[in-house]
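Visitor: Hi, could you walk me through this one with me asking things as we go? I would like to begin with the aromatic rings.

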Amino acid sequence: MSESKTYAGKCFCGTVQFAVSGEPMAMGYCHCDSCRHWSASPVNAFTLWKLAAMKISRGADSFGTHNKTPKSDRKWCRNCGGHIFTEHPHGGFVDVYAAIIPDFPFKPALHVHYQETVLHIRDGLPKMKDLPKEFGGSGELLPE
């Protein structure tokens, strides 16, 4: 039996601490308006994990939650305001911001919601108009 790798993460102040184990379902960059505003950045680096792969080890009572839509529960630390992850309970996965799991070897595979981009990135990765079909999108690719 192989042992899965575990990666530790935390909010900006360290009040909330967690770990993700195994391999993510997907990794890439999101260009949607919601992620850009939430991350205060022109693009958001994401890692998608099955809900069972994430374990909160400290500070579970320190979460704030914002629900812009019923499909996502954006979690942040009420102490420092640091954004931590977004749960997608209907899809059974969690989007952990790549920047807060520092030892994780982030290897992006694609860009999503590229039709909304404000920062064109020419890195050779596929640029999805919205989302891949398996995540409920059109699966349509846009030119780099």
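Visitor: So how many aromatic pairs does a search of the whole structure find?
Guide: This is a predicted model, and a search through the whole of the structure turns up 5 aromatic pairs. One of them is formed by Y7 and F104, whose ring centres are 5.0 Å apart and whose planes stand at 90°, so this pair is edge-to-face.

Visitor: And where in the chain are Y7 and F104?
Guide: Y7 belongs to strand β1, which covers residues 6–10, while F104 sits in the loop between β9 (93–97) and β10 (110–112). The two are 97 residues apart, and the pair therefore links distant parts of the chain.

Visitor: Are those two buried or exposed?
Guide: Both Y7 and F104 are buried. For F104 the relative accessibility is 8%, and since buried means under 20%, F104 counts as buried.

Visitor: Which aromatic pair do W49 and F104 form, edge-to-face or stacked?
Guide: W49 and F104 make an edge-to-face pair, with 5.4 Å from centre to centre and 65° between the planes. This pair also links distant parts of the chain, as W49 is in strand β4 (residues 44–50) and F104 is in the loop between β9 and β10, 55 residues apart. W49 is buried, with a relative accessible area of 0%.

Visitor: Then what do the ring pairs link together?
Guide: They link Y7, W49 and F104 into a cluster.

Visitor: New topic, charges. How many salt bridges are there in the whole structure?
Guide: The search finds 4 salt bridges. As background, side chains of opposite charge can pair when their charged atoms come close. In one of these bridges the side chains of D123 and K127 meet, at 2.8 Å from N to O.

Visitor: What else does K127 form a salt bridge with?
Guide: K127 forms a salt bridge with E144 as well, and there the closest N and O atoms are 2.7 Å apart. This pair links distant parts of the chain, with K127 in strand β11 and E144 in the segment after β12, 17 residues apart.

Visitor: Why does K127 count as buried?
Guide: K127 counts as buried because its relative accessibility is 2%, and the cut-off for buried is under 20%. Its partners are described in other terms: D123 is partly exposed, with a relative accessible area of 33%, and E144 counts as partly exposed at 39% relative accessibility.

Visitor: Which ring does K127 lie over?
Guide: K127 lies over the face of Y114, at 5.8 Å from the ring centre.

Visitor: What about K129, which residue is its salt-bridge partner?
Guide: K129 forms a salt bridge with E140, where the closest N and O atoms are 3.8 Å apart. Both residues lie in the loop between β11 and β12, so the pair ties together parts that are 11 residues apart in sequence. K129 counts as partly exposed at 28% relative accessibility, and E140 is partly exposed too, with a relative accessible area of 37%.

Visitor: And which residues are joined into one network?
Guide: D123, K127 and E144 are joined into one network by salt bridges that share partners.

Visitor: Last one, where is G137 found?
Guide: G137 is found in the loop between β11 (127–128) and β12 (141–142), and it is partly exposed, with a relative accessible area of 21%. Leaving aside neighbours within four places in sequence, G137 is in contact with D130, L131 and P132.

Technical notes:
Residues numbered from 1 in each chain as written. Predicted model: local features only at pLDDT ≥ 70, side-chain atom pairs only at ≥ 80, totals over all residues. Heavy atoms only, no water. Helix = DSSP H or I, 4+ residues; strand = E, 2+ residues; numbered from the N terminus. Buried < 20%, exposed > 50% of the residue type's maximum accessible area, 1.4 Å probe, protein only. Contact = heavy atoms within 4.5 Å. Phe/Tyr/Trp six-rings, centres within 6.5 Å; stacked < 30°, edge-to-face > 60°. Lys NZ or Arg CZ within 6 Å of the ring centre and 35° of its normal.
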